Amino acid sequence: IFVDFTGYTCINCRWMEINVFIQPGIKERLKNEFVLLRLFTDGGDNAEQNQNLQIDRFKTIALPLYIFLSPEDKVLVKTAGISSQDEFSKLLDQALKRYRLSVSKQAS
(Lines give C-alpha, C1' and ligand atoms only; values in the text may rest on other atoms or scores of the structure.)
Protein backbone atom coordinates (compact mmCIF):
# COMPACT_ATOMS: atom_id res chain seq x y z
CA ILE A 1 0.00 0.00 0.00
CA PHE A 2 1.43 3.36 -1.04
CA VAL A 3 0.10 6.14 1.20
CA ASP A 4 0.68 9.56 -0.33
CA PHE A 5 0.15 12.29 2.26
CA THR A 6 -0.33 15.32 0.07
CA GLY A 7 -1.86 18.77 0.03
CA TYR A 8 -3.66 20.96 -2.43
CA THR A 9 -1.22 23.79 -1.73
CA CYS A 10 1.92 21.60 -1.59
CA ILE A 11 4.30 22.71 -4.33
CA ASN A 12 6.64 19.77 -3.74
CA CYS A 13 3.68 17.37 -4.06
CA ARG A 14 2.77 18.85 -7.45
CA TRP A 15 6.41 18.67 -8.51
CA MET A 16 6.52 14.93 -7.77
CA GLU A 17 3.24 14.38 -9.60
CA ILE A 18 4.34 16.14 -12.80
CA ASN A 19 8.00 15.13 -12.81
CA VAL A 20 8.19 11.66 -11.26
CA PHE A 21 4.82 9.92 -10.91
CA ILE A 22 3.95 10.35 -14.60
CA GLN A 23 7.17 8.81 -15.88
CA PRO A 24 6.34 5.55 -17.70
CA GLY A 25 8.41 3.27 -15.47
CA ILE A 26 7.02 4.79 -12.28
CA LYS A 27 3.42 5.19 -13.45
CA GLU A 28 3.08 1.52 -14.44
CA ARG A 29 4.71 0.30 -11.25
CA LEU A 30 2.39 2.38 -9.07
CA LYS A 31 -0.61 1.12 -11.01
CA ASN A 32 0.37 -2.56 -11.17
CA GLU A 33 2.38 -3.23 -8.01
CA PHE A 34 0.83 -0.99 -5.35
CA VAL A 35 -2.50 0.11 -3.95
CA LEU A 36 -2.48 3.92 -3.93
CA LEU A 37 -4.06 5.89 -1.11
CA ARG A 38 -3.86 9.70 -1.42
CA LEU A 39 -4.62 11.57 1.77
CA PHE A 40 -4.99 15.33 1.53
CA THR A 41 -4.07 17.12 4.75
CA ASP A 42 -4.98 20.71 3.84
CA GLY A 43 -8.46 20.46 2.36
CA GLY A 44 -11.40 18.24 1.65
CA ASP A 45 -13.81 16.37 3.87
CA ASN A 46 -11.15 14.34 5.74
CA ALA A 47 -8.28 16.85 5.89
CA GLU A 48 -8.20 17.15 9.67
CA GLN A 49 -8.48 13.39 10.16
CA ASN A 50 -5.73 12.79 7.57
CA GLN A 51 -3.45 15.38 9.17
CA ASN A 52 -4.03 13.91 12.63
CA LEU A 53 -3.17 10.44 11.31
CA GLN A 54 0.02 11.78 9.78
CA ILE A 55 1.05 13.55 12.98
CA ASP A 56 -0.03 10.88 15.47
CA ARG A 57 1.26 7.82 13.66
CA PHE A 58 4.16 9.12 11.59
CA LYS A 59 5.26 12.05 13.80
CA THR A 60 5.61 14.62 11.03
CA ILE A 61 3.67 17.22 9.10
CA ALA A 62 6.14 17.20 6.20
CA LEU A 63 4.66 17.09 2.71
CA PRO A 64 4.90 15.16 0.62
CA LEU A 65 5.15 12.17 2.92
CA TYR A 66 5.27 8.73 1.37
CA ILE A 67 4.55 5.65 3.44
CA PHE A 68 4.68 2.13 2.09
CA LEU A 69 2.67 -0.28 4.24
CA SER A 70 2.32 -4.03 4.26
CA PRO A 71 -1.21 -5.47 4.13
CA GLU A 72 -0.75 -6.03 7.88
CA ASP A 73 -0.31 -2.25 8.32
CA LYS A 74 3.43 -2.39 9.07
CA VAL A 75 5.62 0.41 7.75
CA LEU A 76 7.93 -0.91 5.05
CA VAL A 77 9.40 2.42 3.90
CA LYS A 78 8.86 6.02 5.01
CA THR A 79 10.24 9.06 3.19
CA ALA A 80 9.44 12.74 2.88
CA GLY A 81 10.22 15.37 0.29
CA ILE A 82 11.01 15.25 -3.36
CA SER A 83 13.22 12.76 -5.16
CA SER A 84 14.36 12.03 -8.68
CA GLN A 85 12.82 9.33 -10.81
CA ASP A 86 15.78 7.04 -10.04
CA GLU A 87 15.57 7.69 -6.30
CA PHE A 88 11.83 7.08 -6.25
CA SER A 89 12.22 3.89 -8.28
CA LYS A 90 14.70 2.67 -5.67
CA LEU A 91 12.13 3.41 -2.96
CA LEU A 92 9.60 1.28 -4.83
CA ASP A 93 12.19 -1.50 -5.10
CA GLN A 94 12.94 -1.25 -1.39
CA ALA A 95 9.25 -1.37 -0.45
CA LEU A 96 8.62 -4.42 -2.64
CA LYS A 97 11.71 -6.18 -1.32
CA ARG A 98 10.62 -5.61 2.29
CA TYR A 99 7.07 -6.72 1.43
CA ARG A 100 8.31 -9.95 -0.16
CA LEU A 101 10.59 -10.60 2.79
CA SER A 102 7.69 -10.17 5.23
CA VAL A 103 5.53 -12.53 3.15
CA SER A 104 8.23 -15.19 3.07
CA LYS A 105 8.70 -14.91 6.86
CA GLN A 106 4.96 -15.41 7.37
CA ALA A 107 4.99 -18.47 5.13
CA SER A 108 7.80 -20.06 7.14
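**Charged pairs, a helix face and packed rings**

Arg 38 has a relative accessibility of 36%, so this residue counts as partly exposed, because that class takes in the values between under 20%, which is buried, and over 50%, which is exposed. The structure in front of you is a predicted model, and Arg 38 offers a convenient way into it.

Let us begin with the charged side chains around this residue. Side chains of opposite charge can pair when their charged atoms come close. Arg 38 forms a salt bridge with Asp 4, and the closest N and O atoms of the two are 3.5 Å apart. This pair links distant parts of the chain, since Arg 38 belongs to strand β2 and Asp 4 to strand β1, with their positions 34 residues apart in the sequence. Although Arg 38 is partly exposed, its partner Asp 4 has a relative accessible area of 2% and is therefore buried. Arg 38 also meets the side chain of Glu 17 in a salt bridge, with an N to O distance of 2.3 Å. Here the partners are Glu 17 in helix α1 and Arg 38 in strand β2, so the pair ties together parts that lie 21 residues apart in sequence. Glu 17, with a relative accessible area of 19%, is buried as well.

How many salt bridges does a search of the whole structure find? The search gives 6 of them, and one that joins residues of a single helix is formed by Glu 33 and Arg 29, whose side chains meet at 3.0 Å, N to O. Both residues lie in helix α2, 4 residues apart, which is about one turn of the helix. Glu 33 is partly exposed, at 38% relative accessibility, whereas Arg 29 counts as buried at 16%. Elsewhere, salt bridges that share partners join Asp 4, Arg 14, Glu 17 and Arg 38 into one network.

Glu 17 now leads us to its helix, α1. Which residues of α1 are buried? They are Cys 13, Met 16, Glu 17, Val 20 and Phe 21. These residues cover an arc of only 115° around the axis, and for this reason they sit on the same side of α1. On the face turned away from that buried side, α1 carries the exposed residues Ile 11 and Ile 18. The cover over the buried residues of α1 includes strands β1, β2 and β3 together with helices α2 and α4.

From this helix we can move to the nonpolar interior. The largest nonpolar core has 16 residues, and among its members Phe 2, Phe 21, Leu 30, Phe 34, Phe 68 and Phe 88 touch the most others. The elements that give two or more residues to this core are α1, α2, β3, β4 and α4, and α4 gives the most, with 5 residues. Phe 2 shows how wide the contacts of one residue can be in sequence: leaving out residues up to four places away, Phe 2 touches, among others, Phe 21, Leu 30, Phe 34, Tyr 66, Phe 68 and Phe 88. A second, separate core has 7 residues, including Val 3, Phe 5, Leu 39 and Leu 65.

Two residues named in that second core, Phe 5 and Leu 39, are also contacts of Asn 50, which further touches Phe 40 and Thr 41 when neighbours within four places in sequence are set aside. Asn 50 is found in helix α3, and its relative accessibility of 10% is why this residue counts as buried.

The rings deserve a closer look. A pair of aromatic rings is described by the distance of the centres and the angle of the planes. The count for this model comes to 11 aromatic pairs. In one of them, the ring centres of Phe 5 and Phe 58 lie 5.8 Å apart and the planes stand at 65°, so the pair is edge-to-face. The two rings come from distant parts of the chain, Phe 5 from strand β1 and Phe 58 from helix α3, 53 residues apart, and both residues are buried. Tyr 66 and Phe 88 also make an edge-to-face pair, with 5.7 Å from centre to centre and 75° between the planes. Tyr 66 lies in strand β3 and Phe 88 in helix α4, so this pair ties together parts that are 22 residues apart in sequence. Both Tyr 66 and Phe 88 are buried, and they belong to one aromatic cluster together with Phe 2, Phe 21, Phe 34 and Phe 68.

How values were computed:
Residues numbered from 1 in each chain as written. Predicted model: local features only at pLDDT ≥ 70, side-chain atom pairs only at ≥ 80, totals over all residues. Heavy atoms only, no water. Phe/Tyr/Trp six-rings, centres within 6.5 Å; stacked < 30°, edge-to-face > 60°. Buried < 20%, exposed > 50% of the residue type's maximum accessible area, 1.4 Å probe, protein only. Core = buried A, V, L, I, M, F, W, Y, C linked by side-chain atoms within 4.5 Å. Contact = heavy atoms within 4.5 Å. Arc of directions from axis to C-beta. Salt bridge = Lys/Arg side-chain N within 4 Å of Asp/Glu carboxyl O.
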